[in-house]
Amino acid sequence: MQKIEINLTVNQRSYELKVKPNKRLLDVLRNDLNFTGVKEGCGIGECGACTVIMDGEIVNSCMVLAGQARDSEIITVEDLESENGLHPIQKAFIDAGAVQCGFCTPGMILSTLNLLKENSNPTRSEIKDGLEGNFCRCTGYKQIIDAVELAAEMMRD
Amino acid sequence: MYNEIKKSQNRLDGYEKVTGQAKFGADLNFGHQLYAKTVYSEYPRAEIVSIDISEAEKLEGVVDIITYEDIPGENEMFGRFPVLAAKEVKYIGDGVAVVAAKSKETAEKAVDLINVEYKEKQPLFNMKKAYNSKDDLVHTDKEDNIIEHSHHLMRKGNIKEGLQKADVILERTYYTPFVDQAYIEPEVIVTIPDPYREGIEIHGSIQNPYSIRENVAKIMDLKISQVKVIHSTIGGSFGGKDESVMLMAARTAILAKRTDRPIKMVLTREESMLESCKRHAYELNYKIGAKQDGTIVAIEDEVYTQGGPYNNKAMFANWRGSVHATGPYRVENVKTDYYGVYTNTIYGGAYRGFSAPQTVFGSESLIDELAYELDISPKEIRLKNCLKEGDTFATGQKFGPGEIPAPLADIIEGVCEHSDYEEKRAEYKEFNNKHNEKKKGIGISCTIRGAGLGGEGIDTAGATLTIDQDGSINLISDLTEMGQGMRTAHSQIAAETLGVSLERFTFINTDTSIIMDGGPTVASRGTLAGGQAVIEAARKLKERLKKVASKKLDCKKEDIVIGNDLIYHKQNKEKTIAFEDLIEVCLNDLGISLSAQGWYNPGPEELDEETGQGKAYPTYVYGCAVTEITVDIKTGKVNVDKITAGYDIGTPINPQQVKGQLYGGLLQGLGYSLMEEFEQKEGYLKTDNFDDYLIPSIKDMPDIDIKLFDIEDDFGPYGAKSVGELGIELVAPSVTNAFYDATGRRIREIPLNLERTLLGKSLSK
Ligand code: FES
Ligand code: FES
C-alpha cells in the first residue's frame, strides 16, 4: 500500500509523517512518535486503554486509521503535566488511590478531562456515564469515581 | 503511635503512572530488535504430521523460524508445558512454531505461510469423562488423567458416624467455569542476548521472575545464573502472567540466542485469552449432615478441578482448596477429596483466590441451602456454626487466645447490623409479595482464608535495603509489584522501622541477578512474608546506625532513638544528629556498609499428608459479605445494588490501598458471578476478546461499603496479614444466595447469565 503524507498535531506540536493510510492512529502515536502513554489492551475498541482526545472528542485510537486522523489535533496523557506540576486530575488520581497497575490510567485520565470540560460538577452517575468506555480491572472503579469528584472540586476552586 | 504505617499514603509509583512515563513491557524497545509471533495449533488434539516453513522463510524480512527441533535443552517446563509441541498438539493454544521478523506485520504474514499438517484426534474435553478414563489419556506415559500430586484430602473424625448422627442430609453439586484474569495489559516479553555471560536477559510482564529463570535455563541448557530476569511495570496480573510468559520467555530466548538480536513478543488480546492460564473450572460435590437446630455434624465432598493438558498449579491450589472445603465452620467429621484432571482444553492456573472463589461458592451455597431446608435464617446458621474460641478447624488447628484468632462471629454480626440484613430480608419479602416484574433479594456469605503459602511451600522472602550518600534509600525485594501496591507497603514498613520518612525510598524492579529467590509473589504474601524480610533488613541497618551514633553522641546504644529523620538521645535532645550527617559519618569517615539483606523464613508447616491434619497455615484472615440485588423477572437481568462487607486482614499498613485491593477483588467477583465465562465447544474456544468475554465496567459498580476489623494477631509485620485475594471470593455465593432470596430459585452454576436466570440452565452446553 502506498504511504501517504499526513499532518498531525499532537500535544500542541505539529508532525509531518509518511505512513500507510490504514495504519492505526494507536501505532502512529506509540511507534512513530513515541507517545507510549497510549496503551493497547484489546485492539477492538472495547477497553479504552488507547483513549486519546482527537479534535476535542474521546476516541479509541486503535479504531482510528492514520488517514482518518489527517490534520487533526490529538491530546495524549503526556500533555497534562505542565511547568506548574501535575494537572489536578493527575493529582486527584494519586490522592484518591485511583491508580493500581496504571495501565488503564492514561485513558481514564483523558476521559475524565473531557468529561470535566463538559460538566464541571458531575454526579456519580454522570461520572459513570463518562467513563463507561474505559475498563479498569484493578481498582473496582470506586476510587476512580472518588478521584473524578476530587479533581472536579480542585478544578472548580 | 506509628508515623508511616496504618496510614493512607500515596503510592510511590503514582507519578510515573499518571503521566504516562511508566514503561510497561510493550513500551520497551531495543536497537535491532525483531518481532516474534507464535503459530498456534488448529485443533484441540491432533498428531503433527509435518511442519513446512519453507514458504515463510522466503518472505522478505523474516529472520528466523523455530520449531520443537530447535530447542537447545529439554522441551518440557514445569507442569509438562512444552516450549513448542513436538508430536502432538494437546489443546487449541499449543504453540507449533515461532517466527522472528523485522516487523510485526511481516511476522504476522509469515505465520500464515507456515503449513502444518495434522491428523485430527477426538479431544478429551469433558472433565468427568477424562477423570474416569483409563485408556484415553492426555499423557500416554501416565495411567490416568489425574494431574500429578493434585489429589489432596482432609480426614477428620468419622464421616460415616457423623452422617448417621444427622437429622437432615443434603447432597448438592455446584459448577464454576474457566475465567480469565483479564488484566488490561496483554503479556509482553522482550529478550536480549546478554553480551557479558553468554546468557540472556529477559524483560516483561512477569509475575514470578525466578520460576521463569529456572525454566528458561532448563530449556536453553544454560546455568540458572546465566539467565537474568527483570520485570517491567506490570499492567495487572492477579496470578495470570506466569505460564504464558514462561512460554514466551522460552521461545524468545531461543530466537535471541540464534539471531543475536533482541526479540520482542507482544500478545494480542486474542492470543492472551487463548494461551494464558485460567481459573480452574470446578465441579464440587457436597454432602452435608446437620441437626434439626442447624448444627453441622459432617461434610463430605469430592471436588474435580479442570486442568487442561499441562498444569503447574493444581497440585498447590487443590491443597488450599482441601483445607478450606468445609468453610469457616466447626465440623467434627470431614472427608474431603480434591482431584485435578487433565483435558484437551484451555488450562487452569492461578487467578486471585487460588481455589477459594470456586470452593467458597460451593460451601457458602451449601450452608445457605441448609438454612432454608431447616427454616433457619442464613445469618443464624452461620453464627451458630462459625469457628469460635475453643473450636478446631478441618485441619485440627485450634482457635482461641494465644492460638489463631477467631473473630468471624463478630464480623458477621457487624456486617449484618451495618447492612440491616434481617430488616431488609423482611422488607424485600414484602416488596416481592407486591411486585411481579422486579424482585429484590439479599444474600450473605462468609469466608476464612489461610494467610500466605502455608503448606504449599516455605514462606520465605528476601529484601535488600541500601542507604546512599545523600540519605536516599534503595529497596529491592524478590517479590514483584504488579499494581497491588507492594512497593509502597514495603517502603512504609521500612520507613517505620528505620524511623525515617517515606520520601527517601526508591524501589527497584526485581532483578533475579541481584537478589536471591525467596519464592513467588503469590498467596497474598507480599506484605505478610515480604514485609518481614524488609523489617529484618531495616533492623540490621538501624543497629549499625545506632552503634555509630552512640559513639558520635557519646552515650549508650540503648539510649539512642531514631525517629523523624533524626538520631538522638532519648532523654537529652541536645544530643541529636541529622540522618544525612550520620550517613556521611558512616560512609565517608568510617567506611561502614549501609546495605543489609533481610531474609524471612518461618520454616515449613507440619502436615500429615494421609489425613490433611496439621498446621496448614500459621494464621487466617476472615470476611463476611451481604449483597443486595434486583432481578428483572422479564429479562432475567440481575443487578447488584449494594455489597456490604467486613474483613479481618490484620493491621492495614495502608488503608487506602487495602481498600483498593478489596474493591478491585469485589468487582472481579461480581464479574465472576454475573458475566465472565469462556464459551467452549469440544475443546475449541469461542471467546477471545472483550467483545464476548465481558468484564465489569464502571456502570456495573454497585454501592460498596467496607469495614475493616483490625483484630490483634501478632503473626505478620506490625500485625498485618493478607488482603490481595480476599475480596473476590465472597461475591458469587452472596449473589446466588440473594437470587434465591429474591426468586426462590437456586442456581448452582455461575455465572448468573440470562440463560440461567431465565431458564435455570445454560443454553450453550
Ligand atoms: S486497545 Fe483500543 S479500545 Fe482497547
Ligand atoms: S489500575 Fe490496573 S487496569 Fe486500572
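The following exercises, each with a worked solution, concern chain B of a predicted model and its contact with chain A.

Residues are numbered from 1 along each chain as its sequence is written, and chains are lettered from A and ligands numbered from 1 in the order in which they are written. As the model is predicted, local features need pLDDT of at least 70, side-chain atom pairs count only at pLDDT 80 or more, and totals for chains, interfaces and linings use all residues; side-chain values use heavy atoms, with hydrogens and water left out.

**Exercise 1. Determine the strand order of the open seven-stranded sheet of chain B and identify its edges.**

Solution. Helices (H or I, at least four residues) and strands (E, at least two) are DSSP runs, numbered from the N terminus. Two strands pair if DSSP finds at least two bridges between them. The order is β3-β5-β1-β12-β9-β10-β11 in chain B, and the pairing is mixed. The edge strands are β3 and β11 (227-231) of chain B, each of which pairs on one side only. From one strand to the next, the twist averages 20°. Axes here are lines fitted to C-alpha atoms, for helices over the stretch in contact, and angles run from 0 to 180 degrees between N-to-C directions. Within the sheet, β9 (residues 188-193) and β12 (residues 263-266) of chain B run antiparallel and are joined by four bridges. B:Thr191 has B:Ile263 in β12(B) as its bridge partner. Helix α7 (residues 243-259) of chain B packs on the sheet, and its direction makes about 30° with that of β9(B).

**Exercise 2. Establish which residues of helix α3 (residues 104-113) of chain B are buried and what covers them.**

Solution. Buried means under 20% relative accessible area, exposed over 50%, and partly exposed in between (1.4 Å probe, protein chains only). The buried residues are B:Thr106, B:Ala107, B:Ala110 and B:Val111. Seen down the axis of α3(B), they fall within an arc of 140°, so they line one face of the helix; the arc is that of the directions from the helix axis to the C-beta atoms. On the other side of α3(B), B:Lys109 and B:Asp112 are exposed. The cover of the buried residues includes β1 (34-40), α2 (54-58), β3 (62-66) and β5 (95-101) of chain B. Finally, α3(B) lies across β1, β3 and β5 of chain B and runs at about 25° to β1(B).

**Exercise 3. Trace the pairing of β23(B) with β22(B) and β24(B).**

Solution. Strands β22 (residues 560-563) and β23 (residues 566-569) of chain B pair in the antiparallel sense over four bridges. One bridge pairs B:Ile562 with B:Ile567. Their hairpin has two residues between the strands, and B:Asn564 takes a positive phi near 50°. β23(B) is also joined to β24 (residues 576-578) of chain B, again antiparallel, by three bridges. There B:Leu566 has B:Ala578 as its bridge partner, and the connecting hairpin passes through six residues.

**Exercise 4. Describe the contact between domain 2 and domain 3 of chain B, and then that between chain B and chain A.**

Solution. Domain bounds come from an automatic or database domain assignment, which gives domain 2 as 278-451 + 619-759 and domain 3 as 455-600. Contact means heavy atoms within 4.5 Å; 20 residues of domain 2 of chain B are in contact with 18 residues of domain 3 of chain B. Buried area is the accessible area (1.4 Å probe) that two parts lose on being put together, summed over both. These domains bury about 1600 Å² between them, 56% of it on carbon and sulfur atoms. Between the chains, the contact takes 51 residues from chain B and 45 residues from chain A. The area buried there is about 3900 Å². B:Val18, B:Ile184 and B:Ile698 supply 20% of the area that chain B buries against chain A.
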